[in-house]
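Colleague: I would like to go through this model with you and hear the reasoning behind the terms you use. Could you pull it up for us?

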Amino acid sequence: MRRGWKGPDPVKSYIGAIDQGTTSTRFMVFDKAARVVAVAQKEHEQIFPRPGWVEHDALEIMRRTEEVIGEALDQRGLRASDLAAIGITNQRETTVVWERSTGRPIANAIVWQDTRVAEDVGHFAKGGGQDRFRAQTGLPLSTYFSSLKLRWLLNNIPGANEKAAAGELLFGNIDTFLVWNLTGGPEGGAHVTDVTNASRTQLLNLKTLDWDRELLAAFEIPRAMLPQVRSSSEIYGRATLASVAGVEVAGILGDQQAALVGQACFRPGEVKNTYGTGCFLLMNTGERAVPSNFGLLTTVAYKMGSAPACYALEGGVAISGALVQWLRDNLGMIEKSADIETLARTVKDNGGIYFVPAFSGLYAPYWKENARGVIAGLTRYVNKGHLARAVLEATAFQTREVVEAMEKDSHIALSSLRVDGGMVVNELLMQFQADILNREVVRPVIRETTALGAAYTAGLAVGFFSGLDELRANWAVDQTWTPHIAEAEREAMYKQWKKAVTRSFDWVDS
């Protein structure tokens with residue numbers, strides 16, 4: 001057991017996890033064997049004020065969090081006293097600024113997918129290129145991260161700069177907003193974040209694991225509004241929310257790092273891929289931050305209590321599951337997301353079309369802010385089944401591009417890919433992923449790895465779990481997909497995909 005960690009309380013049989021995602025919020029309760037005991041989930045509104053703008057109502061997210069906690073506990077007649085602790089995992093980079101005295105946000109949260117700061121990216125890049133801050137942060141200049149979003153709010157909301165300088169405003173990603181509200185809000189709420197979320201702001205120095213003075217000056221961010229940076233696994237405070245009053249909030253991880261922990265990828269070289277709103281591949285690189293030369297991000301993987309931080313290489317794809325939602329909500333081609341597999345199975349292939357979902361530009365490995373989505377190869381032969389198939393294949397093609405970049409950066413060849421997230425129930429996608437990668441794709445028994453990772457960090461902090469070996473023992477294989485197509489077919493499809501990707505470049509004039 002790590003120094004400073006508490007011993008287990010035998011009365012408390014469960015651990016709770018808030019999984020606050022881009023489209024919904026869940027509360028999950030796990031037992032000691034990492035089995036799901038209860039779960040409740042609610043979606044929140046996606047707000048699109050202008051093309052390229054994506055916003056959330058942070059107060060709505062907080063309400064949904066309160067609701068799902070209550071509903072999940074009610075399912076099994078559980079009380080706060082049954083929970084050893086609560087962990088939080090969250091959509092990263094999404095930026096919230098709120099009043100210290102009232103808890104009211106000064107504007108809607110700016111979501112990680114939002115591209116309104118694209119001109120600022122160009123402006124900052126003129127002073128040192130897109131990799132101007134990569135040495136300190138592991139990140140390129142991009143619309144993706146919190147720094148420019150926060151700067152935009154301060155410069156565009158009347159009076160925000162002055163209030164921030166006076167210490168009247170607080171900043172955080174969603175994890176910080178939730179912890180602050182859960183532990184008292186204006187009445188002494190803990191204003192904290194963990195190293196994984198902090199590493200996504202582009203304001204954290206990867207070596208010191210603290211806010212970087214040079215970066216704050218460059219982005220014109222007052223330090224007084226920033227949360228305290230803490231480890232991923234420690235007690236931050238006690239919940240004051242009625243349904244969980246007195247329960248210790250003891251774990252925070254950004255969603256992709258949480259999935260890495262939930263997949264028990266604790267050894268250098270272990271990799272997971274999460275298929276959610278976006279698609280994110282992470283490789284544990286141990287206690288060394290590995291710089292990328294092939295379009296990946298260097299980020300913090302986790303920091304367990306007083307132990308040294310571990311780092312990761314990450315390749316992020318902005319749009320994967322969100323493309324299925326777009327097909328459902330914007331085009332009305334399917335009634336529910338799960339219907340896409342049935343529709344895609346009505347045809348034997350993609351009919352020659354390739355869908356590049358660069359709705360928010362392209363992330364890894366291209367980092368092209370001015371790319372936009374394209375469908376290439378359309379003929380009159382194509383029907384909605386082909387379109388559905390192309391939508392699924394887009395996720396698998398993008399994953400292969402990230403895998404290739406990761407192998408070059410890490411000098412480690414992947415023998416198999418551990419997968420998780422909402423899309424892994426789609427067996428057609430999983431088979432195509434194995435086919436286009438020419439590697440095994442492995443789905444674990446416990447698929448809710450993001451929430452599980454948050455539960456693990458909270459459980460370690462309070463002694464509910466004994467250590468990483470116990471967490472590894474919980475991991476088990478549910479299903480494995482092996483490649484079934486010929487090499488010539490695989491490479492022909494990938495060549496056409498790469499050609500389609502180039503058609504999306506430079507659509508928006510700089």
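Colleague: Thanks! To start with a detail, which residue is the bridge partner of Met-283 in strand 18?

Modeller: Leu-313 is the partner of Met-283 there. Please keep in mind that this is a predicted model.

Colleague: What makes strand 16 and strand 18 a pair?

Modeller: A pair needs at least two bridges. Strand 16 (residues 279-286) and strand 18 are joined by 7 bridges, so they count as paired, and they run antiparallel. In general, strands of a sheet pair through backbone hydrogen bonds, either parallel or antiparallel.

Colleague: Which sheet do they belong to, and in what order do its strands lie?

Modeller: They sit in an open sheet of 7 strands, ordered 17-18-16-15-21-22-23, with mixed pairing.

Colleague: Why are strand 17 and strand 23 called edge strands?

Modeller: Strand 17 (297-302) and strand 23 (477-481) each have a single partner strand, so one side of each lacks a neighbour in the sheet. As for the twist, neighbouring strands of this sheet are turned by 30° against each other on average, with direction ignored.

Colleague: What is the strand order of the sheet with 6 strands?

Modeller: That one is open too, with the order 3-2-1-5-14-13 and mixed pairing. Strand 3 (36-43) and strand 13 (233-238) are its edge strands, since each pairs on one side only. Its twist averages 25° from one strand to the next.

Colleague: How do you know that strand 2 and strand 3 pair?

Modeller: The cut-off is again at least two bridges. Strand 2 (residues 24-30) and strand 3 share 7 bridges in the antiparallel sense, so the pairing holds. One example is Phe-30, whose bridge partner in strand 3 is Val-36.

Colleague: Which helix packs on this sheet, and which strands does it touch?

Modeller: Helix 1 (residues 58-75) does, touching strand 1 (14-20), strand 2, strand 3 and strand 5 (83-90). The direction of helix 1 makes about 150° with that of strand 3.

Colleague: Now the helix pairs. Why is helix 9 called roughly perpendicular to helix 14?

Modeller: The axes of helix 9 (residues 255-262) and helix 14 (residues 449-461) cross at roughly 80° and come within 7 Å. Angles of 65 to 115 degrees count as roughly perpendicular, so helix 9 is roughly perpendicular to helix 14. Helix 9 brings Asp-255, Ala-258, Ala-259, Val-261 and Gly-262 to the contact, and helix 14 brings residues including Leu-452 and Tyr-456. By class, this contact has 6 nonpolar, 4 polar and 1 charged residues.

Colleague: What makes helix 12 and helix 16 roughly perpendicular?

Modeller: The axes of helix 12 and helix 16 cross at roughly 90°. That lies in the range of 65 to 115 degrees, so helix 12 counts as roughly perpendicular to helix 16. These two axes come within 11 Å. Among the residues in contact are Phe-397 and Glu-401 of helix 12, and Tyr-494 and Trp-497 of helix 16. The contact divides into 6 nonpolar, 1 polar and 6 charged residues.

Colleague: Which elements each supply at least two residues to the lining of the largest cavity?

Modeller: Helix 12 (384-410) and helix 16 (487-503) do, together with strand 18 (310-317). About 110 Å³ of space lies in this cavity. The 15 residues of its lining include Val-317 and Gln-398, which are among the closest to its centre.

Colleague: Why is it called a cavity and not a pocket?

Modeller: The term cavity is used because a 1.4 Å probe fits there but cannot get out, whereas a pocket is open. The search finds 4 cavities of 30 Å³ or more. The lining of the largest has 11 nonpolar, 3 polar and 1 charged residues.

Colleague: What is the volume of the largest pocket?

Modeller: About 1100 Å³. Its lining has 42 residues, with Tyr-275, Gly-276, Gly-421, Gly-422 and Met-423 nearest the centre. By class there are 11 nonpolar, 21 polar and 10 charged residues, and Gly counts among the polar ones. Helix 10 gives the most to this lining, with 5 residues.

Colleague: Which helix gives the largest share of the lining of the second largest pocket?

Modeller: Helix 10 again, with 5 residues. The second largest pocket has a volume of about 660 Å³, and Trp-326 and Phe-359 are among the residues closest to its centre.

Key: Residues are numbered from 1 along each chain as its sequence is written. This is a predicted model: local features need pLDDT of at least 70, side-chain atom pairs count only at pLDDT 80 or more; totals for chains, interfaces and linings use all residues. Side-chain values use heavy atoms; hydrogens and water are left out. On a 1 Å grid over the protein atoms alone, a cavity is a set of points where a 1.4 Å probe fits but cannot get out, and a pocket is an open set with protein on both sides within 12 Å along at least five of seven lines; lining residues have an atom within 4 Å of a point. Grid points are joined across faces, edges and corners, and a volume is the space filled by probe spheres set on the points. Helices (H or I, at least four residues) and strands (E, at least two) are DSSP runs, numbered from the N terminus. Axes are lines fitted to C-alpha atoms, for helices over the stretch in contact, and angles run from 0 to 180 degrees between N-to-C directions. Angles under 35 degrees count as roughly parallel, over 145 as roughly antiparallel, 65 to 115 as roughly perpendicular and the rest as oblique. Contact means heavy atoms within 4.5 Å.
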